[in-house]
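Let's take a friendly walk through a protein model, stopping at a handful of places along the way. Have the sequence and the 3D view ready.

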Amino acid sequence: MAIEIPEAFVRDPALRPVAEKVRAGERLTDRDALTLFESPDLLGIGAMADAVNRAKNGDVVTFAANQHINPTNICVLRKTCTFCGYARLPKEAGAYRYTMDQVMAEANLARNGLTREFHIVGGLDMGAGLAYYTEMFRTLKRELPHVHIKALTAVEIAHIARIEKLSWTEVLVALREAGLDTLPGGGAETFSAAVREQIADKKLGGADFIGVHRAAHALGIRSNCTMLYGHVETLADRVEHLAMLRQLQDETGGFLAYIPLAYHPDDNELGKQLGREGVSSTGYDDLRNLAVGRLYLDNFQHIKSHWIMVTPFLSQTALAFGVNDMEGTVVQEKIYHAVGAQTPQGMSLEALLRLIRGARRIPAERDSFYRILRRFDATGEEAEAA
Ligand code: V47
Ligand code: SF4
């Protein structure tokens with residue numbers, strides 16, 4: 001696959017050898033990824049990432065009509081994940097755990113709407129074990145069988161396994177029987193042990209996070225992956241993290257998409273410690289993380305931008321920096337809105353289409369496995385996928 005990148009687009013001499021490899025379709029090394037993170041030539045990096053993305057995905061930009069449900073914010077790691085503003089201790093003000101009726105009341109918003117996917121994540125709640133989730137998924141599948149269930153991060157799977165004294169695989173099998181379809185990519189944070197010690201001490205380590213996803217992939221359960229950036233990690237930590245993701249993808253091919261997540265510093269302990277309240281990630285770094293993900297993760301088809309964290313306008317701009325997928329029409333979002341996200345709670349279909357068309361791309365609704373369901377051509381016409 002020849003990748004066209006005009007010489008003039010890459011102005012930083014340090015990037016030229018990397019650009020040569022990209023043109024030749026050669027795999028980038030960890031050193032190349034570091035060079036990309038270090039270079040000031042954002043437009044050069046973006047041009048490379050855009051060329052690679054167009055070769056892989058053409059002009060189509062996908063989104064899914066999904067709805068977030070966060071069933072519990074009670075979490076045993078409340079005091080040690082210092083970046084999290086969402087979790088509560090069981091007796092703390094604001095703590096909640098939904099009953100099945102409350103889950104259904106939220107899920108029912110999907111009944112007559114467009115929603116085709118529930119994205120379900122929450123805290124590590126001692127009161128929410130395997131039976132809580134199997135009942136939830138069975139009920140959801142019974143009532144709304146057309147909706148895909150993307151639920152529970154690797155960290156939650158490991159938590160359920162620990163409290164139930166089961167293996168990760170046993171938990172995954174039981175959840176799949178109850179209706180689980182895929183795993184979301186959260187909980188990864190940054191894998192480096194030094195970073196975890198500072199921001200997520202006691203959380204499932206990087207190797208085990210990869211281990212849970214490996215176990216899921218072995219069962220045929222596909223998953224996403226993420227990286228939380230813009231806190232205390234070094235550029236080398238980012239590369240180490242991406243290297244672990246790329247390696248598992250080489251092994252299993254089970255990842256659907258990579259989603260870099262921008263750290264939000266408001267209303268969490270880490271933000272106070274760093275004196276960063278009100279000072280979020282920068283647009284430059286947001287675009288760079290997406291573009292480097294596209295270039296280094298050569299075995300990933302999809303790079304997703306999460307507009308809730310980086311704003312809809314930046315997500316739109318990211319479509320020229322290697323991104324081919326946008327977080328969809330999220331109906332309600334609690335996790336980032338607990339830590340200062342100023343973005344809207346949800347986005348209408350019209351607003352999403354306008355953003356994607358404004359970037360001169362073709363919007364297409366996809367299912368949770370990235371199969372195109374309908375394309376929205378330039379004239380505004382919808383076309384069902386063949
Ligand atoms: O793992 C928590 C992050 C993640 C903060 O798989 C924070 O399709 C920023 O992973 N600032 C959960 N981020 C959400 C997630 C996700 C989102 C969208 C799509 C998918 C997918 C997955 O939220 C956590 C953590 O990294 N988070 N606190 C914060 N202060
Ligand atoms: Fe709990 Fe997840 Fe928040 Fe950590 S990030 S405190 S595991 S909800």
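## A buried lysine and its partner

The side chains of K304 and E327 are joined by a polar contact of 2.9 Å. This is a predicted model, so treat the distance as a computed value. K304 sits in strand 7, which covers residues 302-305. Is K304 buried or exposed? With a relative accessible area of 2%, K304 is buried, because anything under 20% counts that way.

Who surrounds this lysine? Leaving aside neighbours within four places in sequence, K304 is in contact with K150, Y258, I259, P260, L290, D325, M326, E327, R366 and Y370. Notice that E327, the polar partner, appears in that list as well.

## A buried arginine in a loop

Now move to R361, which lies in the loop between helix 15 (349-358) and strand 9 (362-366). R361 has a relative accessibility of 5%, so it counts as buried.

Which side chain does the side chain of R361 meet in a polar contact of 2.9 Å? The partner is D50. In addition, a polar atom of the R361 side chain lies 3.3 Å from the backbone oxygen of L319. Not counting residues up to four places away in sequence, R361 touches D50, N53, R54, G58, D59, V61, L319, A320 and I356.

## One helix, two sides

Helix 1 runs over residues 16-24, and V18, A19, V22 and R23 are buried in it. Why can we say that these residues line one face of the helix? Seen down the axis of helix 1, the buried residues fall within an arc of 140 degrees, so they line one face. On the other side of helix 1, P17 and A24 are exposed.

What do the buried residues of helix 1 pack against? Their partners are helix 2 (30-38), helix 3 (42-57) and helix 12 (283-296). Just after helix 1 comes G25, with a positive phi near 70 degrees.

## Helix 7 and its two partners

Two packed helices are described by the angle between their axes and the distance between the axes. Try this on helix 7 (residues 168-178) and helix 9 (residues 206-218), which pack at an angle of about 45 degrees with their axes 9 Å apart. Helix 7 and helix 9 are therefore oblique to each other. Helix 7 passes helix 9 in a right-handed crossing. The contact is made by W168, T169 and L172 of helix 7, together with D208, G211, V212, A215 and A216 of helix 9.

Helix 7 also packs with helix 6, at an angle of about 105 degrees and with the axes 9 Å apart. The two are therefore roughly perpendicular to each other, because angles from 65 to 115 degrees count as such. Here I157, A158, I160 and A161 in helix 6 meet W168, V171, L172 and L175 in helix 7.

## Positive phi outside glycine

Between helix 6 (154-164) and helix 7 is a loop, and K165 has its place there. Phi of K165 is near 55 degrees, a positive value in a residue other than glycine. K165 has 75% relative accessibility, so it counts as exposed.

D267 is another residue of this kind, with a positive phi near 55 degrees although it is not a glycine. Where is D267 found? Its place is in the loop between strand 6 (255-262) and helix 11 (269-273). D267 is exposed, because its relative accessible area of 53% is over the 50% cut-off.

## Sequence distance and space

Let's finish with two pairs. G127 lies in the loop between strand 3 (117-120) and helix 5 (130-143), and it is partly exposed, with a relative accessible area of 40%. G127 and P90 are 37 residues apart along the chain, and their C-alpha atoms are separated by 9.3 Å.

The other pair begins with L242, in helix 10 (residues 235-252). L242 is buried, with a relative accessible area of 1%. L242 and Q198 are 44 residues apart in sequence, and 19 Å apart in space from C-alpha to C-alpha. Not counting residues up to four places away in sequence, L242 touches F37, Y258, V292, Y296 and L297.

Definitions and conventions:
Residues are numbered from 1 along each chain as its sequence is written. Chains are lettered from A and ligands numbered from 1 in the order in which they are written. This is a predicted model: local features need pLDDT of at least 70, side-chain atom pairs count only at pLDDT 80 or more; totals for chains, interfaces and linings use all residues. Side-chain values use heavy atoms; hydrogens and water are left out. Helices (H or I, at least four residues) and strands (E, at least two) are DSSP runs, numbered from the N terminus. Buried means under 20% relative accessible area, exposed over 50%, partly exposed in between (1.4 Å probe, protein chains only). A polar contact is a pair of N or O atoms within 3.5 Å; within protein, one must be able to donate a hydrogen and the other to accept it, and residues adjacent in sequence count only if both atoms are side-chain atoms. Contact means heavy atoms within 4.5 Å. The arc is that of the directions from the helix axis to the C-beta atoms. Axes are lines fitted to C-alpha atoms, for helices over the stretch in contact, and angles run from 0 to 180 degrees between N-to-C directions. Angles under 35 degrees count as roughly parallel, over 145 as roughly antiparallel, 65 to 115 as roughly perpendicular and the rest as oblique. A crossing is left-handed if the near helix is turned anticlockwise from the far one by less than a right angle, and right-handed if clockwise.
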